[in-house]
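Subject: The structure we talked about

Hi,

Here is the structure I promised to pass on. Have a look at it first, then read my notes below.

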Amino acid sequence: MQASLPAEMPVDFPINLWKLLISPPPLSIFIYKLHLLCDNEICVSLVPDIHSPDIQLALAESHIRLRQFDKALSLLSTLSHTLPVARYQRARLIFKGLGIAADIGAAVAAFQMAHEDGDLDATIDLADTLRDGVIGPFERDEAIRLYLLAANRGSGNAMIRLGNMYRYGVGVALDYGVALDWYTRAVDVGQAAAYIDIGDFHQKGFGVPPDPIKAETYYRSAVKFLGVPETTDDQVALFYCLFHGYGTPKDLNCAVEWLRVAAELGHPAGQRNLGICYYYGHVVNKDLDQAIMWFRRAAEQGYAHAQNDLGQCYFFGNDVMGGAKDFVQAVKWFRCAANWGIHEAFNHLANCLYFGNGTTRNYEESVYWYTAAAEKGNATSQYNLACCYSSGNGVEQDYSMAVHWFTKSAENGYVSAQYSLAEYLAEGRGVAKNLETAFDWYLKASQGNSDNSTYKVAMCYLHGHGTQKNTEKAIKYLKIAADHCVARAQHRLGQCLYHGIGIARNFERARHYFDLAALNGHMPAKNAQARCYYYAHGVKHNHLVMEQLLREASFSNEHSLIFNNLGWCLYMGISRQRDVKVALQLFNDNLRVPQATHNLAVCFAYGVGIEHNIKEAERLFRSVVGILQGGDVEFGISRLKDGEEERQWLEGAAGEGSTNACIVLGNKAVNCGEFGEAEKWFREATCKYVAKVMISDEFEE
């Protein structure tokens, strides 16, 4: 089919148009190229029998390539009364919402009719909808049946899809051997793009020994048979080869040009990949507006990966697309992509539902999507699902299930899950306590740059939890975590420097790390700063600053020990007038801290600010025996006793390190004329004497 032509090319006639007319390609490509070279009227004048159904169908396909969907729909609507293929092409536009409101149900019904009429392309589209659960539950078995039907009738596209399903384990058990067989069959029926898949298998060692030389051979075959690609599928395949240098020298500029051709012809994967090039600045200048435009074009055609990309652009707003965030639009596109089975979209949609971003908060539905992604091996969703089981949000609280999903995610390399799993193992929550395995996961997470895990590794070495005690390694890991601004690590490193644990004692450096930890919001570090000001360690003595630090720390309401220390300052009248009433209230409100219990017992024992009550004093003292070290508790009880019982408690207190108990025992010996015994106790007191610690530096981890 072509118009009558003169023997020679007329003067000033476009040479590209002349070549096309002399040697026309297949009809649909011929019409399309005519459209590219001249306007519609000239195109029509060069085509005889313009009103024949075949020509009209070719014109409609050309309009689709040019994104002139309204013109295409007009032609297809007329032709659909007589041509089944026109009904099918119109259904594809309706399915993607191109030039007309999307109606997936009607489109799928049309696919079904066209499939029953024997249209292989319709069979494949119908199978795609079943595979991806577009209008209902996933029906992977039926999808495979339809792919097999089309493949057995020679459809290379169906063969590639079957290869992909076995390659990724979608609806069937993952089987690289079967996948490779389908790709090979696709090559045999002329699907040049399948050479690339076979090359990938040999390059990466999927089902065959890795063989870069053989992979290169297949890539070269792909480039050879693709030639100058006419179809958009082949153009995208050539882009892949040129971009990665597979089978041909890498040529990024040429790769992107072929990608642009495919994208401008409406190929959704081409549009999405061109959007990625603009998003990251690959070859082209980075241009977020262009990236979003191409993502949107692909997304509006129903290309699920692009829908997920577009959803992320809306979700992150200013951080990504230079505009305001729009969570409602983000949810819309995430849901579209999720309905197509994109695992990343499962997780994004679940996050929006969990936090109520762009939609009503719905823990139950978020768990549904987390579970869907987790079961597909998405490590992020596995971690998020574990957190749901841990908190009981959207699902019944179940620590054992939390451990199950933390383990899955951790084994997939998700660092946050590795840390959380270590925490559960260390605490024995939802699983048998196992400090050794906990240490292994802390160490693995630390190697994955988890700063909190690095701190935990340090603490394991410091206390010998799950590994051999090693203060040198503890200091090494504390320094790493402290340098990464982990406030707990800065505080603990300061404590090691303050007490000379695993490192030379240095009050100035200790105070430096206490200051850093306090600046990073770690309130117990203010308690340590207060200690420095109390004893003039690394800083000048200043009771007023000490009290101010304790008051600042107490505002956080995080650590009862800080309230106890503030109470002690008020009880003793350190830095200002004594306020026993407030001190007693602070002690009483924070009895879960042994030091506060001890201090309140002292108040009852001596009737300071409260009615004298020996029984209550002894009850409180006894409640922290063996918990509070140093012999102060035992000494306090001894003050409530007399005779032999008093002496037993005093000796117990002395044995625990109480200097006061040694002094009292020495004085009793002097009163009894037992000067040798007195000297023994006074020498013991001298040996044990250290500055009395009134401001405790201990804190809960």
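Let's start with a small puzzle: which residue does Asp128 form a salt bridge with? The partner is Arg131, and the closest N and O atoms are 3.7 Å apart. Before you go hunting for it, keep in mind that this is a predicted model.

**Salt bridges**

Asp128 and Arg131 sit three residues apart in helix 8 (residues 120–131), which is about one turn of the helix. Why does that spacing suit a pair? An α-helix has 3.6 residues a turn, so residues three or four places apart point the same way. Both Asp128 and Arg131 are buried.

You can find that spacing again in helix 9 (residues 140–152), where Glu142 and Arg145 are three residues apart. Those two form a salt bridge as well, with the closest N and O atoms 2.7 Å apart. Here the partners are partly exposed: Glu142 has a relative accessible area of 28%, and Arg145 comes in at 44%.

Now try a pair that links distant parts of the chain: Glu365 belongs to helix 21 (residues 363–374) and Arg335 to helix 19 (residues 327–339), 30 residues apart. Their side chains meet in a salt bridge at 3.0 Å, N to O. Glu365 is partly exposed at 23% relative accessibility, and Arg335 is partly exposed too, at 28%. Further along, Arg647, Glu651, Glu677 and Lys680 are joined into one network by salt bridges that share partners. In total, the structure holds 19 salt bridges.

**A close look at helix 27**

Helix 27 covers residues 471–483. Does its length add up? It has 13 residues, and at 1.5 Å a residue it should span 18 Å; the end C-alpha atoms are 18 Å apart, so the two agree.

At the start of helix 27, a side-chain oxygen of Asn470 comes to within 3.2 Å of the backbone nitrogen of Glu472. After the helix you meet Cys485, which has a positive phi, near 65°.

Which residues of helix 27 are buried? They are Ala474, Ile475, Tyr477, Leu478, Ala481 and Ala482. The buried residues pack against helix 25 (435–447), helix 26 (451–463), helix 28 (487–499) and helix 29 (507–519).

**The cores**

Leu478 is worth clicking on. The largest nonpolar core has 143 residues, and Leu478 is one of the three that touch the most other members, along with Phe406 and Tyr442. Leaving aside residues up to four places away in sequence, Leu478 touches Tyr455, Ala458, Ala489, Arg492, Leu493 and Cys496. There is also a second, separate core of 14 residues, with Leu59, Leu75, Leu93 and Leu98 among them.

**A buried asparagine**

Last stop: Asn347, in helix 20 (residues 343–355). Is Asn347 buried or exposed? Its relative accessible area is 6%, so Asn347 counts as buried. What does its side chain make a polar contact with? That would be the side chain of Asn384, at 3.0 Å. Not counting residues up to four places away in sequence, Asn347 touches Tyr370, Ala373, Thr380, Ser381 and Asn384.

Have fun exploring!

Technical notes:
Residues are numbered from 1 along each chain as its sequence is written. This is a predicted model: local features need pLDDT of at least 70, side-chain atom pairs count only at pLDDT 80 or more; totals for chains, interfaces and linings use all residues. Side-chain values use heavy atoms; hydrogens and water are left out. Helices (H or I, at least four residues) and strands (E, at least two) are DSSP runs, numbered from the N terminus. The expected span of a helix is 1.5 Å times one less than its number of residues. Buried means under 20% relative accessible area, exposed over 50%, partly exposed in between (1.4 Å probe, protein chains only). Contact means heavy atoms within 4.5 Å. A polar contact is a pair of N or O atoms within 3.5 Å; within protein, one must be able to donate a hydrogen and the other to accept it, and residues adjacent in sequence count only if both atoms are side-chain atoms. A nonpolar core is a set of buried Ala, Val, Leu, Ile, Met, Phe, Trp, Tyr and Cys residues joined through side-chain atoms within 4.5 Å. A salt bridge is a side-chain nitrogen of Lys or Arg within 4 Å of a carboxyl oxygen of Asp or Glu.
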